[in-house]
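Thanks for sharing this one. Here are some notes to read alongside the structure, in no strict order of priority.

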Amino acid sequence: IFRFDADLNFSNAEFFESKVLSVIKPSGSKPDRVDEEEGGDGEVPTQTVIVDCSGINSLDVTSIGMLERLAQWFQEQKLDLLFANWKGPMRDFLDRAEFFKVVPADHCFL
């Protein structure tokens with residue numbers, strides 16, 4: 001779960017994107033968790049990233065474009081990018097911007 005506690009706009013969209021991508025652990029040859037005690041690194045490849053949007057009070061079109069590109073990249077990598085806790089005005093703005101045509105509504109949770 002990745003939480004971002006700031007407005008999301010042109011000035012920090014690139015920073016947000018790099019931070020989300022930095023939490024992804026690449027898939028290795030072992031799909032299951034291997035405990036460190038058994039000689040593994042304890043890392044589990046990332047399958048899903050959940051962005052907690054409760055701290056985002058404002059969006060602009062630059063940030064929406066970045067979110068759409070990020071969602072498309074996740075789809076290409078066969079990973080899930082989910083969004084949780086969008087505030088009502090943010091959901092309305094995303095709807096007007098046709099964000100849900102790129103990111104299915106079933107990837108966004110209250």
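**Notes on cysteines, salt bridges and helix 2**

1. Let me begin with the cysteines. The sulfur of Cys-108 lies 7.5 Å from the closest cysteine sulfur, which belongs to Cys-53, and that is too far for a bond. Please keep in mind that this is a predicted model. A disulfide would need the two sulfur atoms within 2.5 Å, and the structure holds zero disulfides. Cys-53, accordingly, is in no disulfide.

2. Are these two cysteines buried or exposed? Cys-53 is buried, with a relative accessible area of 0%. Cys-108 is buried too, with a value of 17%.

3. On to the charged pairs: how many salt bridges does the structure hold? There are three. In one of them, Arg-3 pairs with Asp-5, and the closest N and O atoms are 2.7 Å apart. Arg-3 is partly exposed at 45% relative accessible area, while Asp-5 is exposed at 54%.

4. Arg-3 has another partner, Asp-52, with the closest N and O atoms 3.3 Å apart. This pair links distant parts of the chain: Arg-3 sits in strand 1 (residues 2–3) and Asp-52 in strand 2 (residues 48–52), 49 residues apart. Unlike the exposed Asp-5, Asp-52 is buried, with a relative accessible area of 13%.

5. The remaining salt bridge joins Glu-98 to Lys-101, the closest N and O atoms being 3.6 Å apart. Glu-98 is partly exposed, at 45% relative accessible area, and Lys-101 counts as exposed, at 69%. As for shared partners, salt bridges join Arg-3, Asp-5 and Asp-52 into one network.

6. Helix 2 deserves a point of its own. It covers residues 61–76, 16 residues in total, and reaches 23 Å from its first C-alpha to its last, close to the 22 Å expected at 1.5 Å a residue. At its N-terminal end, Asp-60 acts as a cap: a side-chain oxygen of Asp-60 lies 3.3 Å from the backbone nitrogen of Thr-62. Just after the helix, Lys-78 takes a positive phi of about 60 degrees.

7. Which residues of helix 2 are buried? They are Ser-63, Ile-64, Gly-65, Met-66, Leu-67, Glu-68, Leu-70, Ala-71 and Phe-74. Glu-68 is a charged residue you may like to look at in this list, since it is buried along with its neighbours Leu-67 and Leu-70. The cover over the buried residues of helix 2 includes helix 1 (13–22), strand 2, strand 3 (80–84) and helix 3 (88–96).

8. Finally, have a look at Leu-59, which is placed in the loop between strand 2 and helix 2. Although it is a loop residue, Leu-59 is buried, with a relative accessible area of 10%. What does Leu-59 touch, not counting residues up to four places away in sequence? Its contacts are Leu-8, Trp-86, Met-90, Phe-93 and Leu-94. Leu-59 and Pro-89 are 30 residues apart in sequence, and their C-alpha atoms are 9.8 Å apart in space.

Terms used:
Residues are numbered from 1 along each chain as its sequence is written. This is a predicted model: local features need pLDDT of at least 70, side-chain atom pairs count only at pLDDT 80 or more; totals for chains, interfaces and linings use all residues. Side-chain values use heavy atoms; hydrogens and water are left out. A salt bridge is a side-chain nitrogen of Lys or Arg within 4 Å of a carboxyl oxygen of Asp or Glu. Buried means under 20% relative accessible area, exposed over 50%, partly exposed in between (1.4 Å probe, protein chains only). Helices (H or I, at least four residues) and strands (E, at least two) are DSSP runs, numbered from the N terminus. The expected span of a helix is 1.5 Å times one less than its number of residues. Contact means heavy atoms within 4.5 Å. A polar contact is a pair of N or O atoms within 3.5 Å; within protein, one must be able to donate a hydrogen and the other to accept it, and residues adjacent in sequence count only if both atoms are side-chain atoms.
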